[in-house]
Every structure is written in C-alpha cells, then in structure tokens.
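Colleague: Got a minute to go through this model with me? I'd like to know what stands behind each term you use.

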Amino acid sequence: MKRICSLMLAFCLLIPTGAFAADLFIAQAANFTPVMKEIIPAFEKATGLKAQATYASTGKLYGQIINDAPFDILMAADERRPNKLFADGLAEKPFVYAKGQVVLWSNDKNFCGDDWKATVVNDAVKRVSVANTETAPYGTSSMKAMQAAGLWDKVQPKLVYGQSISQAFQFASTGSADVGFCAYSSVFTEVGKKGCFTVVDEAPPVIQAACVLKSAPHADAAAKFVKFLSSPEVQAMKLKYGYK
Amino acid sequence: MLDVKMTKRLKHFDLDIAFNCAPGELTAVIGPSGAGKTTLVRLLAGLERPDGGGITFGNTVWADVEKRVFLPARKRDLGLVFQDYTLFPHLTIRKNVAFAASNEDRVDELMTMFGIRHLESSRPSDISGGERQRAAFCQALARDPVLLLLDEPFSALDVANRRNLRSCLKELKNELHIPILHVTHDLDEALFLGDTILAVESGRIAPNWLKEQQAIQRRLAVSGLAREEGAAVSRAEEPRPVERALLGCG
Amino acid sequence: MDWTPLILSAKLAIWTMLLIPILASPMASLLAFGRFKGKSLLDAVVTLPMVMPPTVLGFALLVVMGPRGYLGGLWEDVTGDRLVFSFTGILLASLIFNLPFAVQPLRASLEKLDPRLLESAAVLGLSPLSTFFRIVLPNCLGGLAAASILVFAHSLGEFGVILMVGGSIPGQTQVASVAIFEAVEALRFDDAFRMSAALIPVCFAVLLIINKINARRA
C-alpha cells in the first residue's frame, strides 16, 4: 500500500505538466480555436518560443483575468472586454485582430435559402439556436440583426440559448435546433461542411480585439506574439477560416 | 389426506422421505439439527421444489416432478408457523390475524381462544415473544387451512408458554380435524403431541433413531442424573389449572 | 430579483421526486430479489448515470432526445412538439440522471427485508404483485423517503445535463443553477448572489430532513 502511494506521488510530482514550461500564456476566445491551433505552431517555429493557449468563452476568461489569472494576453471575441480592461488599467491598448461574421447555419438544405429572414419565421423551423445574447458577442450580434429586421418578437419564442457560440453550433449540428446563428468560421469545420449556410448581412461584424495584460509575466514574448499576428502568414490562416 | 413421497438434493445429503398424514392426525417430525426437517416443511409449503417424486393432498396434486406439476405456496391454502414469529411489523395484531381470514368472527374467536384479544391494536414489536407466537397461530388458523405446518413453533418460548401452547395445540387438533405436521427437536414434545412420530436423520427416516433416543433417556433416568429433568417432563404434560386460566387457552 | 429560475428549479425537483419512485421501485426490486442472467448488466446500466461526467450524459441525451434521435423522434410523432429544449425534456433528463441515486438506497432497504415476511405473505395467499404493494412497500417507507428527498436535493443542483439539453430558455428550461452560472458570466454578481442565497437554506433544510428520517430508521 505504501509503495503504491509513493509511486503515485512520484508520478504527480515528476511528470512535467507542460503548463509550467511555456514562455507565453494566451487566453483565447473559443470561436477562434481552429485558427489559433495553426498560429501557435507557426509562431513557435518562427521564434523558438513555446506558447500555451486556454480556450474558453470570453466572459469566463475575463472573469479569470480580473481575478489575477496568470495570462499574458487576452484574445477576446469582442471589443468590450479588452476595452474594459484597458479602462480599468489592467491592460495595454487593445487592437483588433480579427473580424467575424454571423451566419445562419443548418443541417437541412431546405433551410438555406438566400433570405435568412424568411427562414427563421418559417413555421417549419421550430427551434433556432443562438449564443447567449448577453455574454457572447456572436449572440449579441445575432440579436441586433433580428432586431434590425424587426423579427425579434416573432423569433424569440423559438430561440434556444447556448452558453457559447460553440454550443449554439452544437445545437444546430445535432439537429436539435433546425437552424442556428453561428460563427462563419464553423462552416469550415468538418461538421460544418456537412451543412449549409446563409450570411446574415444585418448582423454587425463581430470585431474581435486583443490586449496585452499589464501584469503579464512574459511581456517580451507577448510583444513578439503581437508582432507575429500581423504577419502575412497569419492573414492567410485567418482567411482560410472565414475571418477578415 | 396428505401424501408425500419425494426427494431433494441438499448440500451434504439427499432428502428422501415418504409418509402420509390423515385429517385430525398430528405427525411429529423429530431429528438432530441439519437433518432436513425445515427443508421438508418448506417443500410441503411450496416454498421450494422437490427434485423427484411429489406431494398430493386429497385429490389435488401439489407437486409432481415427472409430470412437471407445481402448485405455488399461495395456492395451497395452508397454515404455516415458523420458529420466530413472522408477523408483518407494519400492521396491528388484529390486522395481522385478519390478513387472510375467512371471516371476522373467526378472527375474534381465535384471538379470544389464544387469549390475545386485548392486544388487538398493538404492534408486533410491542408485545412479548409468547404473545407473538399466539398471534402467529391465530394468523395461520384464521383462513381455515387444509393443512397446518409447524416448524419448531415453541422453541423460542419460555417454559411456561411452551407448556401452555402445547396443550392448546393438543386440544385444537381434535377441533380442527386437519393434518398437522409438527417439527421439533424436543423428544418429549413429540411424544406428547404426535399421533405418529417421524424421526429424520440425514434426510432419511430413521426408525431406529427414536428407539435409541428413548433408550438413552431411560438410562439417564435410571442413573438418576436426569431426575430433575424427568420430573419436569412429566409435569410438562399437563399445565397447572391456575396458569392455564392466566394464559388463556382452552 | 427574478424568481422564475428558482420556481422552475423547485418545479423540476418536485416532479422528479414524485416520479422517481415509480421508475426506481421496479428496478430496485429486480436487483434485490431477481435471479436472472444479465442482472449485473442491469446493475451497471442503472448505475451508469452516476459515474458518467454530466456533460457526456447530457450530450448523449441531446442526441437521443433530439428530433433525429430515437426518443425525440417518437415524441414528435406522437405529440408534434420537440422533446429537447422543453420542460418535459429536462424532466426526463433529470429522471435518468437521478435514477441511480434512488435505486441504490431503495435496493439496500429491500435487501434488508426479512425474506420470511415474503414467504409468509405467499403462504397466506398473496400474489407477488400484492405482496409488493401490501408488504414490501410499507416496510421500506423509510428507504423510499430517504431516496426521494436525496433526489430532490440532487435535482436542485443539477447543471451539466440540463445545460446540454435545456437550451436555457427563460421560464421553461432556465433553472436556477443555469441562471446563476449565466449571471456570473455576465458579471451580474449581485443577481448570482441573491439566487444562491435563496437556494442554500432550501438545501440545508432538505439535508436536515434526510438526517431526521435516517435517525428515526436506525
């Protein structure tokens, strides 16, 4: 029994946890995950530095940061949170790193006409998924689109709310929701390719901003990363996944 | 008429018994512990199935292994009293007795006869062991069973209760006029109650066992070692009139 | 403060508590008294929701209860409504999720029953079904009560599964646990605090009741 315990203890202490070994810690909004997964290896190759990203909803990451989580840079899904950090003196000036677009996505080919407005009010569409309109930028943008089109009251009874844009997409991709207001980038995923989409023009582009935290433990590495983000290599990756 | 001829494979030996019991007859089954007596009762009750042979009661076949007939316990219309009371703990004494009763009058009659009428509204956990066994008897008899099976019904009782209920049973036997099977490990009880004595040893009827036991008893009595015991035995045959009135059965 | 999520949580917990004995009793009886092939398999299936991560269970239910799933499709054919994202849907999820928490204590209670009571009932002429309702159930009321109250408390706190199949619709599937989570996400800490403060005394009271019942049975 004693031997097993000491073996387990040794295992826990000696196996490197990786997190402690990185040179840069990034808080990344979940919707940008596929792009970031390509950016990081490219960055590591170019600079020789190791980067580690945590993928979660912007709200959650913001909450962790204001409670002293040891991140170096926040890559949000909106401008609001980076701006707030800047106003509160917790971060450097924010900069825009990507522009996302809301689309109406569905598994069912019948629901992908040219006019998303007609689709959502169609009686055959019983459930429409959307990201939390309060905390998820894509949700807020979707809500604005429906309000602008004067459809909000009509569509609201049909809405189901995902905690994040990923969950909104999950509801739509499993068919539980007939259509979903999703991020354009989800169209490029394997699951996304199996469905179809319509661009929601009335939805304001989701401007995704980032900021380096004032308390960043690895400020130099952060600066190098910010520079790398504006490289043509990264531009190409963004376009590949539908970001501008 | 109860007709039994059956076998059952048990852990250490095979049970192989054949006997019959007529209405109004009490067959006492006696033998050492582990002889298979309780299994015999369970087989007759329909709680277990025989491996060979069968049981018939009058014109009804209760079990027949060859013909694949088996009447479950609930269809056999019998009364069963275990060594430890098995009254339902969540019901009052009256509700317990009346559980399968044929009519309310019979319930009153039996409870009065066994002297537990005053315990009607009590719960099994509130009354004494002797009182519980009386209630168990009433419960078994209330449905006017066609056969009464008793598995060491008095073993857990004190001497006074045991003596009293024994006499009760002897009188009841004549009144009920049904076959009664009474399992006991007490030789004196068997001799007192039984019209027939069935000695069972290692699953089989052992006619010599009885004679051996009686010989041993006589030797002990003669040698004076069991003088007290012997006196107690003869006294056990008839309870004193005073006691009888107090415990109320008769 | 918006009381709707709290009322919804209470509604879900009460319905689960009332319906769970109907599901749990046959399962517990089969496991306690039954002797059949595949009994250990049934045991494992019933216990599964207890050991699965809630989000995994939630996702599995989402697929099964969705319009293309076996249950969801059947439901839509019969009622015309969607099962997922409805109160009925989260109630069903709650029942499945809570089943092992009710079956285990009930089974333990049944196994403690003296088998001679059941034999006595049989000899006295009772059918197995009557025996169950007239003898078994009244003697396990303590176990049944403990199981029900435990399930009530557990349902109040349910989060992962309901999040996956509920769709967080205010007034229909946005239960207190989800509303509190969303309030924290939206940095509405006051709202989160108020709702939590309302839930805690309820949980505490429930635990006191459980302890009292268990003490009485001992």
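Modeller: Sure, let's take it topic by topic.

Modeller: This is a predicted model, so local features need pLDDT of at least 70 and side-chain atom pairs count only at pLDDT 80 or more, while totals for chains, interfaces and linings use all residues. Residues are numbered from 1 along each chain as its sequence is written, with chains lettered from A and ligands numbered from 1 in the order in which they are written.

Colleague: How do you know what confidence chain A has on average?

Modeller: By pLDDT, the predictor's confidence in each residue, from 0 to 100. Chain A averages 89, and 98% of the residues score at least 70. Among the elements of chain A, helix 1 (residues 2–14) has the lowest mean, 78, and strand 3 (residues 73–75) the highest, 95.

Colleague: What makes something a helix or a strand here?

Modeller: Both are DSSP runs, numbered from the N terminus: H or I over at least four residues for a helix, E over at least two for a strand. On that basis chain C comes to 11 helices and zero strands.

Colleague: Which residues of chain A belong to domain 1, and which to domain 2?

Modeller: Domain 1 takes 2–99 + 207–240 and domain 2 takes 102–199; the bounds come from an automatic or database domain assignment. Their C-alpha centres lie 28 Å apart.

Colleague: How many residues of chain C are in contact with chain B?

Modeller: Two residues are in contact if their C-beta atoms, placed from the backbone, lie within 7 Å. By that test, 13 residues of chain C are in contact with 14 residues of chain B. Helix 6 (115–123) and helix 7 (128–139) of chain C each give two or more residues to that side of chain C, and helix 6 has the largest share, six residues.

Colleague: What share of chain C is buried?

Modeller: A residue is buried if 20 or more other C-beta atoms lie within 10 Å of its own, exposed if 12 or fewer, and partly exposed in between. Buried residues make up 40% of the 218 in chain C.

Colleague: And why is the largest nonpolar core said to lie between the two domains of chain A?

Modeller: A nonpolar core is a set of buried Ala, Val, Leu, Ile, Met, Phe, Trp, Tyr and Cys residues joined through C-beta atoms within 7 Å. The largest has 194 residues, and Ile73(A) and Val165(C) are among those that touch the most other members. Helix 5 (residues 87–111) of chain C gives the largest share, 11 residues. Domain 1 and domain 2 of chain A both give residues to this core, so it lies between them.
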